[in-house]
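Open the model in your viewer and keep the selection panel at hand. The tour goes from a helix pair to the nonpolar cores.

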Amino acid sequence: MANLIDQIKNNNSDLSTSEISGLLYILKNEKDLTNNSLVTLTGIPKETLRKFKQSISSLLVDMEGEKVLLSDEGFRVIADLELTPHLWSLAENFFSEDDGQKLKEVEEIKNKYSPKPKREYDQFLATSKTTFLKSKIMIEKGLVTGKSIAFIGDDDLNSLALASMSNSYKNITIFEIDSEIIKSIERCSKEMGFENIEVIKYDARENLDNRHLGRFDIVVFDPPYTKSGVTVFLQ
């Protein structure tokens, strides 16, 4: 297994060895896989998965198609490998049966207020459970109470999920380029009575106004999943 994994790793610098093993495990054991379902299962960006597929194209039925399916030769090559599942999300450790009602509230917010994703902003919306878990992790790690929190972009409505789960924050400011999302956050905040939430129209490619510098204890961002996307948001 090591030789094959090493070969794939050489062409996939963004993936760890355990992630590559986990991806091969999924391909070996899951049926009816598509590009989108693989993204959902793993949380790995589409571009990273495209490079992975390209690196194992000789093992696939069709490199370019929407379905992700091992060929007979592909099954033969990995049949005897001791592949193990990868833990794709540590967030699952934070979910309990007692969270059902709060998760339902987050689902209702997203169903009512989420605009359709826009390709021009590289929006790929998270599930309600993922949005819920992001907020719960912040709460559990003590990153909310008394804090000034900034969200750099918020197409997943994480700010609203957090406000619905805890009112212990000092204030929340959302910097967002999408006018429709801005209106949705403002409407939800007003209708649900969320206090101390401000939305500012902002393009991450532009310099941030100096009046916002040094204001925040916590900054949350979820950039396009490319090196250039992450770099722009970090700058």
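Axes here are lines fitted to C-alpha atoms, for helices over the stretch in contact, with angles from 0 to 180 degrees between N-to-C directions. Helices are DSSP runs (H or I, at least four residues), numbered from the N terminus. The model is predicted: local features need pLDDT of at least 70, side-chain atom pairs count only at pLDDT 80 or more, and totals for chains, interfaces and linings use all residues. Residues are numbered from 1 along each chain as its sequence is written, and side-chain values use heavy atoms, leaving out hydrogens and water.

**Stop 1: the helix pair.** Select 128–140, helix H7, and 158–165, helix H8. Their axes come within 9 Å and cross at roughly 55°. H7 is therefore oblique to H8 (not under 35, over 145 or 65 to 115 degrees).

Now show side chains. Contact means heavy atoms within 4.5 Å. From H7, pick Thr131, Phe132, Lys134, Ser135, Lys136, Met138 and Ile139. From H8, add Asn158, Ala161, Leu162 and Met165.

**Stop 2: the largest core.** A nonpolar core is a set of buried (under 20% relative accessible area, 1.4 Å probe, protein chains only) Ala, Val, Leu, Ile, Met, Phe, Trp, Tyr and Cys residues joined through side-chain atoms within 4.5 Å. The largest has 23 residues. Select Leu24, Leu27 and Phe52, which have the most contacts inside it. Next, colour H1 (2–10), H2 (17–29), H3 (35–42) and H4 (46–55); each supplies at least two residues of this core. H2 gives the most, with five residues.

Zoom to Leu24. Leaving aside residues up to four places away in sequence, Leu24 touches Ile5, Ile8, Phe52, Ile78 and Leu83.

**Stop 3: the other core.** Apart from that core lies another, of 21 residues. Select Phe151, Leu160, Leu162 and Phe194, which are among them.

Definitions and conventions. Buried means under 20% relative accessible area, exposed over 50%, partly exposed in between (1.4 Å probe, protein chains only).
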